[in-house]
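Biologist: I have a new model open and would like to learn how to read its strands and rings. Could you walk me through a few features?

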Amino acid sequence: MRYFLLNIALLLGSVIFVASQGYYSVLAPGHIQSNRNYTVLVTIHQSPEPVKVNVTIEGPTFEIHEEVFLNPFESKAITILPPKLTDGEHKLIVQGVSGLRFYNESELIEIVDAGPTVNIQTDKAVYKPGDLVQFRVVLMDEHTSYYSVLAPGHIQSNRNYTVLVTIHQSPEPVKVNVTIEGPTFEIHEEVFLNPFESKAITILPPKLTDGEHKLIVQGVSGLRFYNESELIEIVDAGPTINIQTDKAVYKPGDLVQFRVVLMDEHTRPLKISEPIRVEITDGINNRVKQFKDISFVKGVYKNQFQLSEYPVMGVWHIRVHISGRYDLVTSKSIKVQRYLLPKFSVYVETDRNIVLGDQMTVQALIYGQYTFEKYVEGQVKLRLVQDPEKIVLEERVMQIKDLLNLGIHLNNTESLREAYGINMEVELREKFTQQISSEKIYIHIHEYPYQISVLPETIKFAKGKPYQLTAKVREWNDLPLMDDIPLIMEHASRNYSVPLDANGEATFQFEHEPSSDHTFWYGNVTYLWGNIFAYEPYTGNVTDLPLTLELLTEKPQFGSPVRIQVTSLKGMPYLVYTIVGHANFIYTEHIKLPTNPRTHILEITPSIAMIPIAVVYVHYIDGGNLRYSEIRIKFPLEFENKVSIMAPKQVKPGAEVNLEVRAQPKSLVGILAVDLGVYLLDPSYDFKKEKMLEALQQDTSRLPFLALVYPGLMSGVLTLTNAHYEFVPLQVDSRKLPDPLGELTFRKNFPETWIFENYE
């Protein structure tokens, strides 16, 4: 038994004592270090009674005594924190003073310069007189637990802001404080987490003001840490207010009908308790009507007001005010004037793009059509005006009975080669009433017949060097080219030739040369893409990513499950995945994987909060390293609620019209029917579906700094953690040409330090 214990001690680098009468053992490290815990394990293996043991650590400048009581067949650990050590003799003395008497001592090896690890980093190594010196100090102890905090890089007025806190490893529960600081407010939240647990904290900030905003996360018990990051504030965010009127232009005495639709960031009806009022102001900004403390039904308010017979002419405004925390105003303008409804409109069909060359011809189909669909007879005036010089290139006056087909030849002049485009102005004067309808079309001028571009999100790196990218070739109407001609890329005096796929794209794998740009040829079109910066990666092979995500669903659709496969090179003990949409977290989940699989399938049911783009961010910590991956999912641009209306295409005057409306249960459907002449006069009275949906497309988060490699780069999510990960700041190549036709911009500011922030 003694020999066995001695071998363990030697393997552990420890000291062992064994008694001659009765049996005890003491294990302790052979090293003692400054300001580092030193643990002594005392065991009573055999004794007729309880034993009292004194443990002493002696050094040249200190002496520490501890005592412990043990029953037979019991072990106890005594932890001592020595002070700053000095050179000289250090001893461990262990003495049994009752029950079992013994005395043993051993010399210890002192490590004087041990203690917490202090790392100091500066933003540069060499400074000029007058420079600002920035530095950070990182203090670490020898027992590191792991945490991660995810949060959007954007914070918006009166919009939920979610922070996901995860404790990946800790010997005990952890209390975490989360603070959002702004110029006019400070919000504090606290959360308690067990090891391997995630919790989401949702904060509703008030109306923001310009100024510095910060996210501060602090572990205050169980695991102590402090992290903060700057946030990008979006001051003018909040509810979406849409105003619809039954017309855009009114005559004196008309009845003005209007609707107000109040929605959240996901296009759902918003319920708020703050006071809302509607004000009507006339053409000289007099308030002529006010509706106070209005109430909404499923997010919709409808009302009307009567114009007098002698109103102020001009532009009137309908203003919606939300008071309280929102402090938001939205307005819509209408016109009050005398008018005649147009009975027809002029239409122009032509290509919106023209390529410079010897044979340049603008083809156009021009026609006028009454509201009852008959063609208009009359006189057409056409002008082609060069932009921006306002040079008239062509001017014609023609008679029209139904359809007018034109082919206008243009000379390839030096002036035209320097132009941005051409304005086609068409005016149709009706033969019988002399009423006029006009239309203007803008035609872009291009030097090349195709456009070539590189997709930045397709650039892949191996060991810090780019090795793959995808370029696409499009016609100017954005249709992919279907041609057998390969796309050629030259890089580092090597030519790479790849045929285009069905999407007009070509993927190149290449050997990177740090001093060489990428030049592309397709037919007679040349496109220059600047050199892609390489970087020094951390040690290890990054060609095979430690964590990858693959979208298994071919065409993601709203309402249908989406499957994503997570793959790792080694077993995964757990996963934390976060869905990011509309600049915030939609859903988070901590998944335990008891069997440590190398693959796992995530199944997600899309919601309107994911339309049209969502990013899934998966991460976990393994061996002190952050393993993560992100994937972007695109959905069709559509609303959550579906509505359809059916009506006969033609009816006789005075006949009843039956409308069939279909929508989801408990929907509120608003119907507007107007004379086609009202639409032709000015169509701005109505909601614009495309505008509402495009707003969703722009509602994304981004980081408050530039980076080439960073966990959360794709989703715009901050990642604060004490685990190791790769961070590569983005450096801008001033030689890079974003478009061969675009105006070159040159760097004017030359800072030596671009970013100096904490991005754990």
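Modeller: Gladly! Keep in mind that this is a predicted model. Let's begin with one residue: His 31 stands opposite Ile 109, which belongs to β9.

Biologist: How do the strands β3 and β9 pair, and over how many bridges?

Modeller: The general idea comes first. Strands of a sheet pair through backbone hydrogen bonds, and the sense is either parallel or antiparallel. Here, β3 and β9 (residues 102–111) run in the parallel sense, with three bridges between them.

Biologist: What is the order of the strands in the open sheet that holds β3 and β9?

Modeller: Five strands make up that open sheet, in the order β3-β9-β8-β5-β6, and their pairing is mixed. At the edges sit β3 (31–33) and β6 (62–70), each of which pairs on one side only. On average, neighbouring strands of this sheet are turned by 30° against each other, direction ignored.

Biologist: Which strands form the open sheet with antiparallel pairing?

Modeller: Look for three strands in the order β28-β30-β33; they form an open sheet with antiparallel pairing. The edge strands are β28 (344–350) and β33 (403–410), each pairing on one side only. From one strand to the next, the twist averages 25°. Between β28 and β30 (residues 360–370) there are seven bridges, and the two run antiparallel. To find your way along them, note that Val 348 stands opposite Ile 366 in β30.

Biologist: I would like to try a hairpin next. What lies between β26 and β27?

Modeller: Five residues lie between the strands of that hairpin, and Gly 324 takes a positive phi near 70° there. The strands themselves, β26 and β27 (residues 328–336), are antiparallel and joined by nine bridges. For one bridge, start at Val 320: its partner in β27 is Thr 330. Strand β26 (residues 314–322) also pairs with β23 (residues 276–281), in the antiparallel sense over six bridges. There, Ile 276 stands opposite Ile 322 of β26.

Biologist: Now the rings, please. How many aromatic pairs does a search of the whole structure find?

Modeller: The search finds 21 aromatic pairs. One of them is formed by Tyr 367 and Tyr 375, edge-to-face, at 6.0 Å centre to centre and 90° between the planes. In general, a pair of aromatic rings is described by the distance of the centres and the angle of the planes.

Biologist: Is Tyr 367 buried or exposed?

Modeller: Tyr 367 counts as buried because its relative accessibility is 14%, and the cut-off for buried is under 20%. Its partner Tyr 375, at 35%, counts as partly exposed.

Biologist: Why is the pair of Tyr 710 and Phe 727 called edge-to-face?

Modeller: Their planes stand at 80°, with the ring centres 5.7 Å apart, so the pair is edge-to-face; the angle needed is over 60 degrees. Tyr 710 lies in the loop between β53 (707–709) and β54 (717–721), and Phe 727 in the loop between β54 and β55 (728–729), so the pair ties together parts 17 residues apart in sequence. Tyr 710 is buried, at 2% relative accessible area, whereas Phe 727 is partly exposed, at 28%.

Biologist: Which rings are linked into a cluster?

Modeller: Ring pairs link Phe 258, Phe 291, Phe 296, Tyr 301 and Phe 305 into one.

Biologist: And what can I look for on the surface?

Modeller: Try the nonpolar patch whose members include Val 643, Ile 645, Val 651 and Leu 659; the whole patch has about 640 Å² of accessible area. Ile 645 sits in strand β51 (residues 643–646).

Conventions. Residues numbered from 1 in each chain as written. Predicted model: local features only at pLDDT ≥ 70, side-chain atom pairs only at ≥ 80, totals over all residues. Heavy atoms only, no water. Phe/Tyr/Trp six-rings, centres within 6.5 Å; stacked < 30°, edge-to-face > 60°. Buried < 20%, exposed > 50% of the residue type's maximum accessible area, 1.4 Å probe, protein only. Helix = DSSP H or I, 4+ residues; strand = E, 2+ residues; numbered from the N terminus. Pairing = 2+ DSSP bridges. Axes fitted to C-alpha atoms, helices over the stretch in contact; angles between N-to-C directions. Patch = residues over 30% accessible without salt bridge, like charges linked within 9 Å, V, L, I, M, F, W, Y side chains within 5 Å. Areas by Shrake-Rupley, 256 points an atom, 1.4 Å probe, with all protein chains shown as cover. Salt bridge = Lys/Arg side-chain N within 4 Å of Asp/Glu carboxyl O.
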